[in-house]
Amino acid sequence: MRAEDGVRSAYAEIERWLRATPREMLDRKRHEAELLFRRIGITFAVYGEGGDPERLIPFDLIPRIIARSEWDRLSVGLKQRVQALNAFLADVYGPQEILKAGRIPAALVLENEGYRKEMVGITPPGGVYTHISGIDMVRTGPDQFYVLEDNCRTPSGVSYMLENREAMLRLFPRLCARHRIAPVSRYPEELLETLKAVAPARAGANPTVALLTPGPYNSAYYEHCFLADEMGVEVVEGADLCVQDQVVYMRTTAGPKRVDVIYRRIDDEFLDPEAFRPDSLVGVPGLMAAYRAGNVALANAPGGGIADDKAIYPYVPEMVRFYLGEEPLLANVPTFLCDRDEDRKYVLDNLDKLVVKLAKGSGGYGMLIGPHASRAQREDFHARILARPGDYIAQPTLALSTCPTVVEQGIAPRHVDLRPFVLSGKEIRIVPGGLTRVALKEGSLVVNSSQGGGTKDTWILEDEGPDGSAPGQSQSQAASLGC
């Protein structure tokens with residue numbers, strides 16, 4: 001919110017609003033937001049802790065604001081990065097030129113558990129592998145953003161981006177109307193257009209799309225149903241689909257209906273018991289045979305996990321140079337690979353200064369934040385790294401930016417990150433915004449909802465139009481928001 005010379009211009013109206021808003025009103029609005037999210041059913045699940053696993057993700061009332069000029073620079077870099085990641089996937093499951101050139105160690109890719117040999121030689125419809133990418137970013141200075149990690153398999157959280165905006169419009173219509181906020185409401189429409197764009201050629205002008213979910217016990221089941229409803233497509237489980245003659249059909253009351261595109265929210269190993277885990281009860285037998293025959297598109301393509309593996313992450317800038325012939329526009333966080341002798345020695349000698357992560361980890365689990373860890377915790381990770389060095393990477397502790405956040409004691413700074421969602425079909429699309437996650441515990445750098453983090457609405461501020469309205473927003477629309 002603040003720069004060296006005072007409040008950043010994008011936050012000027014928010015600062016005036018915070019100064020004028022009594023604490024009792026914020027508390028009342030927090031309660032209203034919780035009731036709203038509970039009534040709608042916006043929950044996620046945490047397993048293994050006992051009791052009712054369903055819980056609300058805390059929603060913070062103070063939006064995270066990014067100026068349009070900043071966003072424009074970020075979006076160009078995001079498109080470049082996702083283009084390179086797709087090129088990498090096409091290459092490693094095809095000619096493997098980057099491996100032959102020695103730009104990435106071949107063993108790091110080919111012996112990685114995220115590399116799916118079943119995908120070798122398969123060209124997905126449209127040639128796209130990661131159709132929906134969630135790129136996690138952190139800000140460390142006025143003009144410095146870093147990519148923290150790439151999510152190329154089944155990135156989640158976009159429903160919270162959309163519902164957070166709806167909540168802000170309901171709770172603070174006048175505050176929203178005083179800003180020129182770029183809309184995010186087109187995301188489901190753009191997602192559907194992206195999915196249809198990669199349908200097999202025989203599907204024609206109106207392909208049938210379905211969203212495949214593991215079912216109601218999945219932690220992101222709410223999001224699965226929400227997105228299917230917003231797109232106007234069926235949400236199906238594995239038992240709702242069958243494969244005949246390498247063609248996928250959906251069971252309906254009117255009989256079997258051919259499916260052309262599946263937006264799958266099931267992990268690779270459970271997709272098809274005939275191709276991956278034979279004990280999978282949520283997959284579709286024969287799905288990979290239909291995919292290999294070119295009769296159905298899967299978004300995202302199986303095998304995308306090799307592109308977002310944390311041990312592959314340090315090589316993404318090299319992918320940009322190799323495939324695009326360009327310098328990367330977005331910076332990586334410097335990363336140490338613990339299976340390298342020199343890197344491992346440095347990490348073991350500096351555990352008190354570094355963040356150590358599982359190369360295959362997610363959700364904030366299996367991490368050591370050195371500066372905040374106890375001696376016993378650091379000794380434990382020292383032993384773990386020595387025992388299985390290839391399982392770990394390490395990064396310096398970044399001075400993440402903070403945003404004002406409503407907490408029990410009042411308004412206080414809390415660390416945030418940002419997950420923009422990038423859609424890749426015939427073209428690359430990015431709605432202006434993303435999911436801002438906030439570490440609600442004082443001093444914490446872990447923003448994951450499973451670790452107690454919350455979310456904020458993310459505002460990309462547009463320039464004003466000649467009539468004072470936001471571009472693409474009529475004055476009548478502005479009035480409906482509470483102007």
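## Rings, charges and a buried helix

The charged end of Lys29 sits over the ring of Phe172, at 5.6 Å from the centre of that ring. This contact belongs to a predicted model, and a comparable arrangement is found where Arg384 lies over the face of Phe381, 4.6 Å from the ring centre. The points below take up the protein as a whole, then its aromatic pairs, and then one of its helices.

**The protein as a whole**

- The secondary structure of the protein comes to 16 helices and 25 strands.
- The radius of gyration is 23 Å, close to the 23 Å that the globule rule gives for 483 residues, so the protein is as compact as a globular protein of that length.
- Measured out along its principal axes, the C-alpha trace spans about 65 × 65 × 50 Å.
- Of the 483 residues, 55% count as buried, while the accessible surface of the protein comes to about 21100 Å², with 49% of it belonging to carbon and sulfur atoms.
- Among the contacts with a separation of 6 or more, 68% are accounted for by residues that stand 24 or more positions apart.

**Aromatic pairs**

- A pair of aromatic rings is described by the distance of the centres and the angle of the planes.
- When the whole structure is searched, nine aromatic pairs are found.
- In one of them, the rings of Tyr93 and Tyr115 have centres 4.8 Å apart and planes at 5 degrees, and because planes under 30 degrees apart count as stacked, this pair is stacked.
- This pair links distant parts of the chain, since Tyr93 is in the loop between α3 (68-92) and α4 (97-100), whereas Tyr115 is in the loop between α5 (106-110) and β6 (132-141), 22 residues apart.
- Tyr93 also forms a stacked aromatic pair with Tyr129, with 6.3 Å from centre to centre and 15 degrees between the planes.
- Tyr129 lies in the loop between α5 and β6 and Tyr93 in the loop between α3 and α4, so their pair ties together parts that are 36 residues apart in sequence.
- Tyr93, Tyr115 and Tyr129 form one aromatic cluster; both Tyr93 and Tyr115 are buried, and Tyr129, at 4% relative accessibility, counts as buried.

**Helix α6**

- Helix α6 covers residues 158-171, and at 1.5 Å a residue its 14 residues should span 20 Å, which agrees with the 20 Å between its end C-alpha atoms.
- Eleven of the 14 residues of α6 are buried, so this helix is largely enclosed by the rest of the structure.
- The buried residues of α6 include Val158, Tyr160, Glu163, Arg165 and Leu171.

Terms used: Residues are numbered from 1 along each chain as its sequence is written. This is a predicted model: local features need pLDDT of at least 70, side-chain atom pairs count only at pLDDT 80 or more; totals for chains, interfaces and linings use all residues. Side-chain values use heavy atoms; hydrogens and water are left out. Rings of Phe, Tyr and Trp (its six-membered ring) pair if their centres lie within 6.5 Å; planes under 30 degrees apart count as stacked, over 60 as edge-to-face and the rest as tilted. Helices (H or I, at least four residues) and strands (E, at least two) are DSSP runs, numbered from the N terminus. Buried means under 20% relative accessible area, exposed over 50%, partly exposed in between (1.4 Å probe, protein chains only). A charge sits over a ring if NZ of Lys or CZ of Arg is within 6 Å of the ring centre and within 35 degrees of the ring normal. The expected span of a helix is 1.5 Å times one less than its number of residues. The radius of gyration is taken over C-alpha atoms; the globule rule is 2.2 Å times the number of residues to the power 0.38. Contact means heavy atoms within 4.5 Å. Accessible areas come from the Shrake-Rupley method with a 1.4 Å probe; for residues, only the protein chains shown count as cover.
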